[in-house]
Amino acid sequence: MQDKSKNVWVGKADLVGDTEFVEVESSKFFDLPVAQELSDEKSKLLATPAKRRDFLKMMGFSLGAATVAAACEAPIRRAIPYMTKPDAIVPGVPTYYASTIVRGGDVCPVLVKTREGRPIKIEGNKLSSFTKGGTSARAQASVLDLYDSNRYAHPMKDGQNSDWSAVTNEIKAKLKSARGIKLISNTIVSPFTKKSIADFIQTYSNAEHVVYDAVSSSAMLDAHKSAFGTRALPSYHFDKANVILSLDADFLGTWISPIEYAADFIKGRKVKGTNQKEISRLYAVESAMTLTGSNADNRVVVKPSQSAAALVTIYNRVASKTGGSNASYSAGLSDKVIAKLNHMADDLWNSSRNGRHTLVVNGANNLGEQLLTIELNRLLGNFGSTITTDRACYLRQGDDIALGKAINDIEKGAADVVIFMDDANPVYDTPNGAKLAEVLNGNVTSVALTTRPNDTSTLCSYICPIHHNLESWGDAEAYAGELSLIQPVISPLHNSRAREVILAALSDNLVDPKEERMDYAMLRNSWNERGGQKFWEQSLSDGFANGSSGGPMVLGTVDVGAAVRSFASRNTSEREVKFYETVNIGAGQYASNPWLQEMPDPIYRTVWDNFVTIPVSWDGKRTISGMNGWSTGDVVEVTIAGKTMNAPVVDQFGVVDGAHGMALGYGRKNSGAVASNVGINVFDLMSTDDDGYTQYYAPLSFGNSVGESDAIASVQYHHTFGIKDKNAEGVTLNVDEQSISAIATGYQGALTDRSILYHANIDELESAADDLHHKREHAHHLNEQTIYEGHDHLYDNGHKWEMNVDLSSCIGCGACQVACIAENNVPVVGKEQVKVHHEMTWMRIDRYFFGDIESPNTAYQPMMCQHCDNAPCENVCPVGATQHSSEGLNHMTYNRCIGTRYCANNCPFKVRRFNWLDYTAADLFGANENDPFGNDPETPFYAENLTRMVLNPDVTVRTRGVIEKCSFCIQKIQQGKLLAKSENRALVDGDVTTACATACPTGAIVFGDINNKDTEVAKLEKHPLNYYVLEETNVRSAVGYRMKVTNRNNKINELDA
Amino acid sequence: MGAISSPIRNPLITGRKTYAQITEDICRPTERTPSFAWVVAFALAVTFLAVYLFCVFYTVWKGIGSWNLNRTIGWGWDITNFVWWVGIGHAGTLISAILLLFRQKWRTGVNRAAEAMTIFAVICAGQFPLIHMGRIWLAFFIFPYPNTRGPLWVNFNSPLLWDVFAISTYFTVSLLFWYTGLVPDLATVRDRAKGIRKKLYGIASFGWTGSAKHWQRWESLSLILAGLATPLVLSVHTIVSFDFATSVIPGWHTTIFPPYFVAGAIFSGFAMVQTLMIITRKVLNLKDYITLEHIESMNKVILLTGTIVGVAYLTELFISWYSQYPYEQFAFFNRATGPYWYTYFAMMSCNLLSPQIFWSRKMRRNVTVTFIMSIFVNIGMWYERFVIIATTLARDYLPSSWSMYYPTWVEVGLFLGSLGLFFTLFLIFVRVAPVVAIAEVKSILKSSGDQYTEKFEKYHHEKQFANEASDA
């Protein structure tokens, strides 16, 4: 009661702080939470019998603590008060645990946010040595997988529920009499799991562990083995390279360690001022457009089969300058492509001199190409500078050849027990899947250690459900010696076990069967050699530890002649299709996550489907049309690798006729409500090369359109912002503007005069900054012509929240978008709803192509509520449901909203989202809940109690009929303020940030208080490249954007002109 | 009404009617059993009304997601229908109030039906802002009622709130005006009726006896209401246009909207009056009361307002070019040539071009042409609202968000259904109340009845002859 800051007192006793008075006063009202009061033994209250008010408070508290940390099967309905409150849980206050999200070779050290014992959000772990706090869309979405209602809840035998002892004993019996045992998994980065596999193999000497990756780096690993003697990958340092060449290696999106590479890459691309002369340059040579290709300054498209020819062209050019040995191979590359590649090679060579550095990465799964790439990097002197070998990368370990052999063994009967580990799904995601499926149906004992049904597990005789990542103990070693820990943040929701425990039980290696968490005991044992209790605790708290890294790998010699020999046998077809991995659902391992399914593909802007990409062309007059007159959503007959099927097409800039693309990861069967039967499976269309490596392309030919034209759900219909080409008279024009109208020729400037997207090449940066400055001055001048006095001064005091987005840093990976969905309870609506543009995402990443029509550049523009100080949405709401705060935030009061959608119409940025249907199952009546997956389930997705556990309790779940939009994560702002207040200090930069800004791996989004001059956002507002979208409309938005800066090689661009 | 009418004016009542005949002609439709045509029309209208009710139920039950609106286009057929119906609802009050003040005698033949049409049109219009709400069960939030939430008031800055007041005021005044006019006529029907009808009409006519005092009060009330209604005719659509004019969306944000909308509203209102009157005069055999004179007068109004609207269209195009504002320029370029070019084409041809045939007197006085034209104008004005609302939203500032919009069956059902609602009400009206204002028509009989105008003509002719003789 005696608070020093309190200068109101009642009587003398209060003033002097009389103890008796204070005690009487403090027992008058319950200020403290009931739990705290009850735990206070000295309190008089305990002595007195509970009164009616106490009862009510108890009840209120128990309802408040609605979800109990551990072991709650039906968490929503039962409200159980804590008998003894766990230390870590304070209702309403989130707790963060360091852990690691691991899925095969995708590793992301994270902090898991839990509320009342429920993990609800993933944040990056800044202590990580490689991701440094960045996340990916996949990592962000992993929390939803935990609550997937399709997960296996019990061990199963032949499709029937069983129990652990029966299943374990039966499998054990089979193992003991087995002729051969195959353990098939994707890459395992955990030393702990590897040890338990080794222990298992020790018991069963006829067991073999086979590792494969759906998107394989097998040839790359073997190439490094032949060159270095170690089957591991080196570390790449994209930040140290001045010129980067990516040969079909989507290192920004999917290749090996994209979070790390993206952050490093962007370090070399930051523009600090207008006098900057250089940023790093990215060349991409690829077939289908990937995230990396779209971010490249210059991009060359070759057919997938021509990748070797492109590499040889570059290699020979470089080799000719160093006197290295020439490789003789060429495969029908056009003169223009060869000229472009030569320019790239020249640039690489020139840049590798004088202390500048280059880096060549290659995604091909071909031994010769990988060896040649190593040799090219050696010629360019990249080893030791941009590629280091003292820190082996373990993120890819798959071995295509071993898997092929294993499947043969099983087929021949040499192995009759197969254990699929960690959701490995080779029936689906290998070219031999069909063969394997056939074998599994035969006389083979198959066991799936998996979390949820997949194409493989549904064929298995035994299902051993394993813990989800967030329920598990474990570790991960992405790079040699850099260990991150996995700790459980919730008790297992289902009757699942740790994979290590299952293996130990099967091989009678269980340390202490009575231990409640045997996996913990085993992990702890396996870490004993690394350090004592203190080391363990610190590692657990950080989520990170250093171990021994072994020695560096030493580069041997590469036989170039042998490397290129295999190229000669390659066949090139007139048209080929490249099977590419998408940023969101990967090779299908993420397909069961609805957040990722509904995350628009960054490049194609589609959801819930794969398709064949087709090029667009300009007729020289006023039409841009897709190949054969087809456009996005048309279904056509295609023949891929001899199989004919109907597939939808998407017409897209940057696609070249002959080199088409089709995404991996779709068309899964028997994989639960979300993943099953979405799109077309392409794995069975793939082949292996002579060495046995999976080749991610196939010949393709088109038939006729089958008439359907509405097959694709896309979130963006207009794709360009100034695409140039020559017209019939040979004049270079913005042809997208020419072709913008249905019945007339458009005019120049229809798009590019808009103050939405500014971009410049680095060599014209100063003049572009000047232009921008003049445009902004003009906008300011226009904005001053008002009869109303401004009210900017209202925001001079206190906080004023603003955001700044660097368009040069945004690579479009979508981590922010999924983070926003997770943080703000944004509903999934399903493909049919997205088709009619009912997507609910609060933030989107607009993708615009600009530049030459054949090889355009791409700009990604994250777009969310701009929190305008002159918000057009606010004054039009008849009921005042959207209001401005004194801190410059545009608030939305869901309770008050009656859904006239006037605000959404009047929003220049079109960021307001309306709940068209009952997307969140919040309606009074269950009959009209939206069914996002279109499979008419008994309980709709959002009505599942399990699904609802992922909801953030700090954010209202919106009902049908109300508008919602980005709130700048108001709940996080509030939390930051409360934290500062409880620590009795002013807010500092970093106390408050938004979900999108936290998730971004490249630091493209910065959020903060603009009134605090020390914040980064306040400094960035003064950046000469900063601008506000649609500034001349005087809406006074609060999101600044920094101009997109590219570093094109003009010599290459001139070839297109 | 003045007893004197210019001799060059054609008669407004033909057939040499007596007062008794007027009463008989106009009251008869309410007294006999409905004709077969009426029964068929009513059955059709009620069917459409049922469709309407079902679509409303479906929309409320399922959500606005049962329509095809999207994140870019928040208003489509719903608000198009709203503005269209409100526009139609302008003719009645214009005829009864402004033309009354201007002493236009021809208004007496059509004012009753036009006012009824106004009221029914406003009823139809009022449906759409309600149905289009995401949470119609909270529609009462838009009224500034005392409450315990703070108290929490409505947003007086919002044009949508102004709409609430504008439309409800307009509806109230129009209803009063219409009913006031009906009272003497209902009494007439009552006097001719028997039994339960007599009782009901007795209640409805408030015990009208036709005393001089009644007439005096009735006249004053009519005049006061006319005075009140006159500014409303201009204000309602002005305020409806503010929904768009006060926004920031290029293509909406224009100062020309108030006069342009008012002209358009009168234009479409008169077209709808024509449509209804041409059918009514034929089916109810009222050609002596709704004459070619009436039709021609209304066609003149249509020509005038249609041309005003056309000038507004062209002005918009000019200003968008002249502004040199890229968004504005594109908005209008896109309207005319973008993916919805056909709606713009329909609007231009129906509203600007087609009424120009009314420069010809022959066309103005041709009933078939007039009827077809009135339908054209109704279509054109619907497209005008669609062009303004949907095509503008479809392609606004950020190209990334551009979208397209086509209605679902629910939206089409709501539109067709609202026609059902309108015609159901109108058909009931023609059965229960005199479609032509008996008392008012009688008041102009001696100035504009054909037997009298002929007499005047003769008189004037003789007088002129006499004057010329005396001059000589």
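This text goes through a predicted model, taking up a sheet in chain A, a helix pair in chain B and the contact of the two chains.

In chain A, three strands form an open sheet in the order β1-β2-β3, with antiparallel pairing. Its edges are β1 (95-103) and β3 (118-124) of chain A, each of which pairs on one side only. From one strand to the next, the twist averages 40 degrees. Between β1(A) and strand β2 (residues 106-115) of chain A there are 9 bridges, in the antiparallel sense. One bridge partner in β2(A) is A:Val110, which is matched with A:Ser99. Helix α5 (residues 137-146) of chain A packs on this sheet and touches β1, β2 and β3 of chain A. The direction of this helix makes about 170 degrees with that of β3(A).

In chain B, helix α5 (residues 107-131) packs with helix α9 (residues 257-283) at an angle of about 125 degrees, and their axes are 10 Å apart. Angles outside the parallel, antiparallel and perpendicular ranges count as oblique, and α5(B) and α9(B) are therefore oblique to each other. Their crossing is right-handed. From α5(B), the residues B:Val110, B:Ala113, B:Ala114 and B:Met117 meet B:Met272, B:Val273, B:Leu276, B:Met277 and B:Thr280 of α9(B). This contact has 8 nonpolar residues, 1 polar residue and no charged residues.

The contact between the chains takes 53 residues from chain A and 47 residues from chain B. On the side of chain A that touches chain B, β35 (844-852), α27 (872-876), α28 (902-905) and β39 (913-914) of chain A each supply at least two residues. By class, that side of chain A has 27 nonpolar, 16 polar and 10 charged residues.

Key. Residues are numbered from 1 along each chain as its sequence is written. Chains are lettered from A and ligands numbered from 1 in the order in which they are written. This is a predicted model: local features need pLDDT of at least 70, side-chain atom pairs count only at pLDDT 80 or more; totals for chains, interfaces and linings use all residues. Two residues are in contact if their C-beta atoms, placed from the backbone, lie within 7 Å. Helices (H or I, at least four residues) and strands (E, at least two) are DSSP runs, numbered from the N terminus. Ala, Val, Leu, Ile, Met, Phe, Trp, Tyr, Cys and Pro count as nonpolar, Asp, Glu, Lys and Arg as charged, and the others, Gly among them, as polar. Axes are lines fitted to C-alpha atoms, for helices over the stretch in contact, and angles run from 0 to 180 degrees between N-to-C directions. Angles under 35 degrees count as roughly parallel, over 145 as roughly antiparallel, 65 to 115 as roughly perpendicular and the rest as oblique. A crossing is left-handed if the near helix is turned anticlockwise from the far one by less than a right angle, and right-handed if clockwise. Two strands pair if DSSP finds at least two bridges between them.
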